[in-house]
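Reader: I am in my first year and still learning to read a structure like this one. Could you take a close look at a single part, the pockets, and then show me how the parts around them fit in?

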Amino acid sequence: MHDARALTQLLNSYRGASLWRSILEIVISIVPLVVLWILMWLALRAGYGIYLLLTIPAAGFLVRLFMIQHDCGHGAFFRHRMANDWVGRVIGVLTLTPYDFWKRTHAVHHATSGNLDRRGMGDIDTLTVREYLSLSRWGRFRYRLYRNPAVMFGLGPAYLFLVQHRLPVGLMQGSWQPWVSTMATNAAIAGAAAILIWLIGIWPFLLIHLPITIIAASIGVWLFYVQHQFETTFWEADEGWTVQEAALHGSSFYDLPGFLHWFTANIGVHHVHHLCSRIPFYRLPRALQANPELANIGRLTLWQSLACVRLALWDEAGRKLISFRELRQQGV
């Protein structure tokens, strides 16, 4: 049994960003994206759909920029709050993610992840077996549709980044900042899009940027899904829940190939991130290596992660996530 509180204290020593390393990470993420975008435009003019071959690497760099924005939201990427916030806001124009709104909802996610009594903001909707069985036929259909892979990783991400992020729904009464941030981000996105459309035309812009955005959104949602939606994850009612236990046992170690760890900014080392969210992503591997006992907690390989797609319900009796098929096999 691992002492999650003690591990958190050990990991605190890896906090603290390096200014030059952080600047370098931004440069090597945004410059290749711009170059690939231009190459896609040139290839588009040549015809034959050749430009689409560059869509996936371009989406990979956009995902990496989102992860930098994510670190900024935790105050981990720079030592000064203002630097984190303004870099996060600028990147939010590229990722279509209003920084202050997302920062607020993501903080709620970290504060409530794995808590059955505090679900509903910044996480993927997850019902217990009992809650699912208590639904009407229509309610069950809606939940099954929501959990369908085509919706979860296809239509859902596109809706989230293109539509839902345009309004700070759920936070309008709490503070003016998410509203102002969202509207400012929307205005900046519109301005940047207008300039590019003026330069190259609306159809080239849409044919290049929409595929990049949609693929990056799907990758982002998949990563977030796998980080918490695995069979042996952690869910507990409020009285038995602690943030440290939820971080350690409710977050996976997504053990990806090296180049995918690079593109995803080590976000797969998610249990370490949840234990100490102020560690910059480029120091997460070092923290993991120095604490080898963490390498076997919640570990998922790329191949193993594919099985997580079927999981949909929290079985409180078995203390694990199960599929709809497994529920039927229980004779329920």
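Author: Let us begin with a word that will be needed throughout: two residues are said to be in contact when they have heavy atoms within 4.5 Å of each other. Please also keep in mind that this is a predicted model.

With that meaning in hand, we can start at Trp-37, a residue found in helix H2. If we leave aside its neighbours within four places in sequence, Trp-37 is in contact with Leu-196, Ile-200, Phe-205, Ile-208, His-209 and Ile-212. One of these partners, Ile-208, is 171 residues away from Trp-37 in sequence, yet the two are 7.3 Å apart in space, C-alpha to C-alpha. Trp-37 counts as buried because its relative accessibility is 14%, and buried means under 20%.

Trp-37 also leads us to a pocket. The second largest pocket has a volume of about 490 Å³, and of the 21 residues that line it, the closest to its centre are Trp-37, Leu-94, Leu-196, Phe-205 and His-209. Four helices each supply at least two residues of this lining, namely H2 (19-46), H4 (81-95), H9 (176-200) and H10. H10 gives the most to the lining of the second largest pocket, with six residues. By class, this lining has 18 nonpolar, two polar and one charged residues.

The largest pocket can be read in a similar way, and its volume is about 950 Å³. It is lined by 31 residues, of which Gly-122, Asp-123, Leu-160, Gln-164 and Phe-224 are the closest to its centre. At least two lining residues come from each of the helices H3 (55-73), H5 (99-112), H8 (149-162) and H10 (202-228). Here H8 gives the most, with seven residues. The lining of the largest pocket divides into 18 nonpolar, 11 polar and two charged residues.

Let us now return to helix H2, where Glu-25 also lies. Glu-25 is buried, with a relative accessible area of 4%. Leaving aside its neighbours within four places in sequence, Glu-25 is in contact with Arg-64, Ile-68, Phe-77, Phe-281 and Tyr-282. Three of these partners, Phe-77, Phe-281 and Tyr-282, form one aromatic cluster together with Phe-78. Distance along the chain is a separate matter, and Asp-238 may serve as an example: its C-alpha atom is separated by 39 Å from that of Glu-25, which is 213 residues away along the chain.

The cluster brings us to aromatic rings in general. A pair of such rings is described by the distance of the centres and the angle of the planes. The structure holds 18 aromatic pairs. In one of them, the rings of Tyr-143 and Phe-324 have their centres 6.2 Å apart and their planes at 85°, so the pair is edge-to-face. Because Tyr-143 lies in helix H7 (residues 137-147) and Phe-324 in helix H16 (residues 324-329), this pair ties together parts that are 181 residues apart in sequence. Tyr-143 is buried, with a relative accessible area of 6%, and Phe-324 counts as buried at 11% relative accessibility. Another pair is made by Trp-262 and Phe-263, whose ring centres are 5.2 Å apart and whose planes stand at 90°, so this pair is edge-to-face. Trp-262 is partly exposed, with a relative accessible area of 33%, and Phe-263 counts as partly exposed at 22%.

A ring can also have a charged side chain over its face. Arg-89 lies over the face of Trp-86, at 4.6 Å from the ring centre, while Arg-140 lies over the face of Tyr-132, at 5.3 Å from the ring centre.

Finally, two loop residues deserve a careful look at their backbone. Most residues other than glycine have a negative phi. Asn-266, however, has a positive phi of about 60° although it is not a glycine, and its place is in the loop between helix H12 (258-263) and helix H13 (270-275). At 12% relative accessibility, Asn-266 counts as buried. Arg-319 is also not a glycine, and its phi is near 55°, a positive value. The place of Arg-319 is in the loop between strand E4 (311-315) and strand E5 (320-323), and Arg-319 is partly exposed, with a relative accessible area of 43%.

Methods:
Residues numbered from 1 in each chain as written. Predicted model: local features only at pLDDT ≥ 70, side-chain atom pairs only at ≥ 80, totals over all residues. Heavy atoms only, no water. 1 Å grid on protein atoms, 1.4 Å probe; cavity = no way out; pocket = protein on both sides within 12 Å on 5 of 7 lines; lining within 4 Å. Points joined across faces, edges and corners; volume = space filled by probe spheres on them. Nonpolar A, V, L, I, M, F, W, Y, C, P; charged D, E, K, R; others polar. Phe/Tyr/Trp six-rings, centres within 6.5 Å; stacked < 30°, edge-to-face > 60°. Buried < 20%, exposed > 50% of the residue type's maximum accessible area, 1.4 Å probe, protein only. Lys NZ or Arg CZ within 6 Å of the ring centre and 35° of its normal.
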